[in-house]
Amino acid sequence: MFFAGLIPSYLALLAFLVAIVLTVLAIWRKQSELPKLVSLLAKSAFILQTIGVISLIVMLILEDYTNYYVASVVNPAMPGILKVTALWGGQAGSLFFWSWLVSLIVFIALSSKRKLIDAWSFLILAANVGFFLGLSLFGDNPFVRIWALSDGSLVSSLFAPEVGAVVHKLGIGMGLNPLLRHPGMIIHPPMLYLGYALFFVPFAVGISTLIQKRNDDQLIHDTRPWVVLGWVFLTGGIVLGSWWSYDVLGWGGYWAWDPVETASLLPWLTATALLHSFLLERKRGIFKRFNFVLVLLTYLLVIFSIFVTRSGLVNSVHAFSESTISIPLLVFMCFWLLTSIVLLVWRWKALGGEFEISSPISREAFFLYTNIILLALTTVCLWGLIFPLINGAVTGNQVVLDRGYYDRTTTPLFLLLVFLLAICPLIGWNAVQLKKIGKKLWIPLGLSVLTVVILFLSGLRIAMALAGIFLVALGLFTLLTLTIRDGIAVGFSKFWAFLWRQRNRYGAWLVHAGILLIALGIVGMETLSTNIQGTMLPHEKMPLMGYEIEFNSISETFTNPEYMTAEADTTLYKDGKEIARLYPAQHIYPERNQFISIPAVDSNLGRDVYLLLVGYNVDVPYITLRMSVNPLINFMWLGGIFLVLGGLCVATTSSHVREDEELVQEEPLEV
Amino acid sequence: MKKKNTKLIIGIVIIIAAVVYLITSSTLSQSQYFLTVEELQSNQAEYVGKNVRMSGAVLGDTIEYDPQTLELTFQVAQIPGDHRVIEQMGGMSVVLAQAAHDPTLPKMTVHYVGPRPDLLKDEAQAIITGSLDENGIFQASELLLKCPSKYQSELPEQSK
C-alpha cells in the first residue's frame, strides 16, 4: 500500500509540473486556449491523486502501523467511519486530502461544458494544486514509515534511513483525539475545505481576466455558480462546526472567536459581499471593481485561513501544532497578495464602470451599505488576528485580542447588518419615496410590535433581548407579508411554480430568513441563557427557570475497550411534571489520562435544557451537574438549514436564467 | 445627480471613521499581555490585578479539584513564549514534557472555579486568562488547554 499511495502521488505532481510547462509554452505562443494535452494531463493527475488518497484510506482502515501517520491517528477500538475521517484528523493527512480536493475542483472545472478555463486560469489553478501537493509530499508526507535501526531505536522516514534498517510495525496506534470522535468530524472539515476550494476557480478566472486585459462580463457569467456553491459549502461547514462545538464541552459553546473560527469567517464575509455585488453588476452594470476586489480577496482570505490553521503561529484549540510548513505558506500567500494588488492597480482605470447610485434610499444604495458593513466586519476580524502578530514583531511583547474585542467591535456592526436585512426587501431599485415604503411597512411593523408587547406582558424584561427579537421579527414578517402578497397576486394555484421560477429571488429571501433565525438564536444565547451548577445526592433536586432536575443514580460501565463510561440517570421536571429522562455522561480514557463530557439535552424549538456531568462519585454516591437553559438556540441550526437550502436554490439558477429574470417585474404587485 | 453622490461619499467616510474608531478603541481597551510564567513573576508588582494571559505546562500531580465547590487549583511550569525557541528545543510536546519534570523552572499556582476541563492533565499546555492576586496566585477566568500529548512523542522521531 505504501508504494500504491506514494508513487501515484509523485506522478500526479510531475504531471502537474509538465502541464504547467506546456501551458507556459502555449501562452508564450500567444495561444489563449488551453491545449487538449494539458487538460488531459491535469485530469490524469487528479486520477493519480485519487489513487493516493484511496491508498491512504485503505491503510487507515487496515490499521497499517508501519505508517507513521496511521499510527498517530488510528487505533483498533475506533469504529470504521472514524478511521476514514482520520484522513483529515492530523496535519499530514488533512494537507494531503486538501490538495486532493483542490485537484478535484480543477478536474470539475476542466470537465465543465462551458469553456471556463483558458491557459492563464489553468496556470493559476495548476500552480495552486502543485503548491499544496508539493507542500504535502515534501513538507509533511503522510506516507512516512517507521523504521527500526540496527541499534534497535525507531525513526520515521520515507525510505530506509541507513543500510540494514527494517520497516517496523508498531503494535498499536494512538487513535484520534477523543474530542474529534464526533459526527461533526465526518462532514464539518470536508465541507469547509470544499467551500474554500471552490473559490479557487473564480480567483483563477479573475486573475486571468485582468492579465489578458479583458473587460467583459465573463467573470460574473462564468464564476457565479462557483461562488454560490462555495458560499453554500462554507456556510454549511461553519454552521456545522458551531453545532459541533456546542455539542462538545470545552470548545466554548457555539462560537468562541477562536482564531481558526474567526479565520473561516473572513472568506465567508467577503463571499457574501461578492454575491451582493455580483447581483448588482448583473442588474445594473455597476460595481465592477468591487467584484474583482472581492473575488481576489476571498481567495486570499482562504489562503490566510489555511495559514492560521496550519502555521502554528496562532494559539487555538483547532490549530495543528507543527509549523514546518509555515514559511512556504507565508511566501505563497504574499506572492498572490502582491500579484493581486499589482494587477488591480494596473487595470483599475479600465475596470471603472459607471458608478451611479440614484438615491441613498434605493436598493442599490442598500447593497452598497451592506457590502461596506461586511467589509468592515472583515477588517475588524482580520485586525483581531493579525494585530497580535504585528505587535509581537514590532515590540516583542505578546499581546492577544480575545472575545472582549470581538464582542465590542462586531456587535454594533452585526446589529446594523440585521437592520438593513430586515427592511431591504421593502426598498425597490432606483429612488424610492419614503411614503411608499411606509405603506408596505405597517403590517410587518405592527406584527413585530405586537410580538414584543406580548413577550413583555408575559414577563420578558431584558431590553437587549426585546430589541433583538423586534429586529428579527420585523425582518421575518416583512419577508412573509411580501411573499403572501406575491401569492395573492399570482394566484395560489400557480404559486409554487412561480416560486420555483423565481428561486433566485426567493432563495435569497430564504437565506435572509436563515440569517434572521441565526440572529434569533444568538439573541437567545447571549441575553436569555442561564445556568446553574451544583452537587446532588440521590433524589435531590436542582431548580432553574421553572425546570427541576432530579438525580437518580450513577453507574460506571466498561463496554468500550478504550474508555470507561460514567453515566448519570436524571429526571427533568417542568412545573412539577416529569418531561424527560436524561443521561449526561463522561467517557474516561485511562490510557490518555483524559476524559470527555457527553452532554444530555432535552430539546425543542423554544429551548434546550443542557446537562453536563461535571464530576461524580459512585460510592457516596453523588454527582456534580451543570444545567443550562438555552432559549432559542435551535433557531440557529434551523437558520443554518435555511441558508444552505436557499443557497442551493440560487445555485441551481445558472446565468442563462438571466433573460428570464429580466421578464419579471421587480415589484409584481404594486397595489 | 452629482450632489447625491457627494452625500453618499460623505456617508461612507463617516462609516469608515466609525469603524476605525471602533477598532482602535477596542484594541486599546481589550488587548491583553500574553506572558510566560517567568515574565509574570519577575514583574509581579506591575501585573497584579491586570487582565493578562499566561501559558505554561500543567503539572499533573498538583491538580486538585473539588467537584462540590468546583474549585480547581493546579500549577503550571515555565515554557518559552517564543515559537522559534520551542522549535529549536524539539517542538511543543518535548518542551512540555521537559517542563513538567524540571523542578528548577519557575512555577505558578492557578486557581479557577468551574467545571474541570476535559483536557486538563499532566504535560498539557494551559493558556490561562485572568489576573495575578496579591498572594502571587493566578486567578483564572478562562482556561484553554492544548495537548500535543506525550502519545505523539512515543512515536519515533522524524529523521531528516
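What pattern does chain B follow, read along the sequence? The pattern is α-β-α-α-β-β-α-α-β-β-β-α-β. I will start with that chain, and I should say at once that we are looking at a predicted model.

So, chain B. Its secondary structure comes to six helices and seven strands. The chain has 160 residues, and buried residues make up 34% of them. If you take the contacts in chain B between residues at least 6 apart in sequence, 61% of those contacts join residues at least 24 apart.

Chain B is divided into two domains: domain 1 covers residues 1-31, and domain 2 covers 33-148. Taken over C-alpha atoms, the centres of these domains of chain B are separated by 41 Å.

Next, the place where the chains meet. On the chain B side, 44 residues are in contact with 52 residues of chain A. Which elements of chain B give two or more residues to that side? They are α1 (2-30), β1 (32-36), α4 (83-88), β5 (125-132), β6 (138-146), α6 (149-154) and β7 (157-158) of chain B. The largest share comes from α1(B), with 13 residues. Sorted by class, the side of chain B that touches chain A has 20 nonpolar, 14 polar and ten charged residues.

There is also strand pairing across the two chains. Strand β4 of chain A, residues 398-400, is joined to β1(B) by three bridges, and the two run antiparallel. To find this on the screen, look for A:Val400, whose bridge partner in β1(B) is B:Gln32.

Now chain A. The domain assignment gives domain 1 (1-176), domain 2 (180-362) and domain 3 (530-633). Between the centres of domain 2 and domain 3 of chain A there are 40 Å, again taken over C-alpha atoms.

I will go through the strands of chain A in order. Strand β1, residues 145-148, and strand β2, residues 154-157, pair in the antiparallel sense over four bridges. One pair to look for is A:Ile146 with its bridge partner A:Ser156 in β2(A). These two strands form a hairpin with five residues between them. In the turn, A:Gly152 has a positive phi of about 95°. β1(A) also has two bridges to strand β3 of chain A, residues 166-167, and that pairing is antiparallel too. There, A:Val166 in β3(A) stands opposite A:Ala148.

Further along is an open sheet of four strands in chain A. What is the order of its strands? The order is β5-β14-β13-β12, with antiparallel pairing. The edge strands, each pairing on one side only, are β5 (530-536) and β12 (600-603) of chain A. On average, and with direction ignored, neighbouring strands of this sheet are turned by 15° against each other. At one edge, β5(A) pairs with strand β14 of chain A, residues 622-631, over seven bridges in the antiparallel sense. A:Met536 has A:Ile623 in β14(A) as its bridge partner.

Let us take one residue in strand β7 of chain A, which covers residues 547-557: A:Ile549. Is A:Ile549 buried or exposed? A:Ile549 counts as buried because 25 C-beta neighbours lie inside 10 Å, and 20 are enough for that label. Leaving out residues up to four places away in sequence, A:Ile549 touches A:Lys541, A:Met542, A:Thr570, A:Leu572, A:Leu611, A:Leu625 and A:Met627. For a sense of distance, the C-alpha atoms of A:Ile549 and A:Met174 are separated by 38 Å, and these residues are 375 apart along the chain.

Last, the nonpolar cores. In soluble globular proteins, nonpolar side chains tend to be buried together. Here, the largest nonpolar core has 171 residues. Which residues have the most contacts inside it? They are A:Phe16, A:Phe200 and A:Leu516. This core draws at least three residues from each of domain 1 (1-176) and domain 2 (180-362) of chain A. As for A:Phe16, leaving out residues up to four places away in sequence, A:Phe16 touches A:Ala42, A:Ala45, A:Ala126, A:Val129, A:Gly130 and A:Leu133. Apart from the largest core lies another, of 36 residues, including B:Val37, B:Ala57, B:Met108 and B:Leu120.

That is the end of the tour.

Notes: Residues numbered from 1 in each chain as written. Chains lettered and ligands numbered in written order. Predicted model: local features only at pLDDT ≥ 70, side-chain atom pairs only at ≥ 80, totals over all residues. Contact = placed C-beta atoms within 7 Å. Nonpolar A, V, L, I, M, F, W, Y, C, P; charged D, E, K, R; others polar. Pairing = 2+ DSSP bridges. Domains from an automatic or database assignment. Axes fitted to C-alpha atoms, helices over the stretch in contact; angles between N-to-C directions. Buried ≥ 20, exposed ≤ 12 C-beta atoms within 10 Å, placed from the backbone. Core = buried A, V, L, I, M, F, W, Y, C linked by C-beta atoms within 7 Å.
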